[in-house]
Amino acid sequence: MQTISQETVISLIDKLTSPARDIRYLLERGYPKTSAIRFVSDHYRLDKNKRHILSRVIVPPKTAVVRKRKRLNYKEISGKKILVDGYNVLIAIESMLIGHTLWICDDGFVRDTRGVFRSHSNTDITIEAVKHICFILSKCNVSFVKILLDSQMSKSGELAEIIRREIAQLSLQGEVLTSAHSDFDLKHDDPEYVVATADGVIIDVVEKVIDLPAAIIEEKGWRAERII
C-alpha cells in the first residue's frame, strides 16, 4: 500500500483543528452545518480542499449520536445478512490502497475525501479492493451478502462480474446487482439487512449499519486520521 508523508497529514490536521472546534461549537448551538462551515472557513481563509474535508468529517452532534447507535462492530455481524452500498465502500477502500487519507468522522464512520464517483474506472486497485471487501465478509461469516452497484456508473456491469467471481471463489452466499436507483433500494430493502455504507443520508434511514472500511483498517492494522 502506498502512503503519503505522515508529516503532511499532521500539518493538515494541525491547520484544521481550530476551525473544526469552532464549527462544532456553532453546531452545538443550533447553527446550520453548511453556514457554520462556510463562516468559519472564510474566517480562517481555508482553501476548497480543507473545506471539503471539514464537510465530510464534521457531523452535527445530535445526528452523530443517533448514527453511532446504529453502527455495529464487524465482529457483531456473524450470521447476519449484509447489504453493501457498492461504490461507497469500494471507493473508500481504493482511496486507502493508493495512499489517500481516510478520516474517522464525528459520527464514528470512516470516509474518504477524494471526491471520486462518476469519474470512477475499474483498475487493478479496484480488483484489490474487491478482494478486501469479500475477504472481510467471509471472515465475519455473514449468512448472505447483497452488493448493489449504481448502473449509471461506467462499466458497473463489468465490476459486478468481478465481484461475483470473488464471491464464488470464497464460497460466499450472495448476489451482485446493478440498479438505476441504488440509494432508494438501500434505504427500502428488507430491514433484516445490516447496511454497509458511510453515506449519511442512507445511515439516517436504515436500522443497522456496518462500516466495512473501518473493519478492514482494524483487521489490517492500517490507519485513519481524526480531527479532535
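Start by selecting T197, which sits in the loop that links β7 (194–196) to α9 (200–203). The model on screen is a predicted one. T197 counts as buried because its relative accessibility is 2%, and the cut-off for buried is under 20%. Show its side chain: it reaches the backbone nitrogen of D199 at 3.0 Å.

Next, display what surrounds this threonine. With neighbours within four places in sequence left aside, T197 is in contact with D85, N88, V89, F109, I202, I203, V209 and I210.

**The largest core**

Select I82, V84, L137, I163 and L212. In the largest nonpolar core, which has 43 residues, these five touch the most other members. Colouring by secondary structure shows where the core comes from: β2 (81–85), α5 (86–97), α6 (124–139), β5 (144–150), α7 (156–169), β7 and α10 (212–220) each supply at least two of its residues. Which element gives the most to this core? Helix α5 does, with 8 residues. In soluble globular proteins, nonpolar side chains tend to be buried together.

Now centre on L212. Not counting residues up to four places away in sequence, L212 touches V84, V89, I133, I136, L137 and A196. Apart from the 43-residue core lies another core, of 19 residues; to find it, select L12, A20, L54 and C105, which are among its members.

**Helix α4**

Move to α4, residues 61–70, and show the side chains of A64, R67 and K70, which are buried. These residues are on the same side of α4, because they cover an arc of only 120° around the axis. An α-helix has 3.6 residues a turn, so residues three or four places apart point the same way. What do the buried residues of α4 pack against? Add β1 (71–72), β4 (110–112), α9 and β8 (209–210) to the view: these are the elements they pack against. Then turn to the other side of α4, where K62 and R69 are exposed.

**Two loop residues with positive phi**

Select N141, in the loop between α6 and β5. Its phi is near 60°, a positive value in a residue other than glycine. Is N141 buried or exposed? N141 is exposed, because its relative accessible area is 52% and the cut-off for exposed is over 50%.

Go on to S171, found in the loop between α7 and β6 (174–179). S171 is not a glycine either, and its phi is positive, near 60°. With a relative accessible area of 58%, S171 is exposed.

**The whole chain**

Zoom out and show the cartoon: the secondary structure comes to 10 helices and 8 strands. Along its principal axes, the C-alpha trace spans about 55 × 35 × 35 Å. The radius of gyration is 18 Å, which agrees with the value near 17 Å for a compact globule of 228 residues.

Switch to a surface view. The protein exposes about 11500 Å², of which carbon and sulfur atoms supply 49%. Buried residues make up 48% of the 228 residues.

Finally, draw the contacts between residues at least 6 apart in sequence: 77% of them join residues at least 24 apart. The T197 contact list from the start of the tour, including D85 and F109, can be brought back for a last look.

Conventions:
Residues are numbered from 1 along each chain as its sequence is written. This is a predicted model: local features need pLDDT of at least 70, side-chain atom pairs count only at pLDDT 80 or more; totals for chains, interfaces and linings use all residues. Side-chain values use heavy atoms; hydrogens and water are left out. Helices (H or I, at least four residues) and strands (E, at least two) are DSSP runs, numbered from the N terminus. Buried means under 20% relative accessible area, exposed over 50%, partly exposed in between (1.4 Å probe, protein chains only). A polar contact is a pair of N or O atoms within 3.5 Å; within protein, one must be able to donate a hydrogen and the other to accept it, and residues adjacent in sequence count only if both atoms are side-chain atoms. Contact means heavy atoms within 4.5 Å. A nonpolar core is a set of buried Ala, Val, Leu, Ile, Met, Phe, Trp, Tyr and Cys residues joined through side-chain atoms within 4.5 Å. The arc is that of the directions from the helix axis to the C-beta atoms. The radius of gyration is taken over C-alpha atoms; the globule rule is 2.2 Å times the number of residues to the power 0.38. Accessible areas come from the Shrake-Rupley method with a 1.4 Å probe; for residues, only the protein chains shown count as cover.
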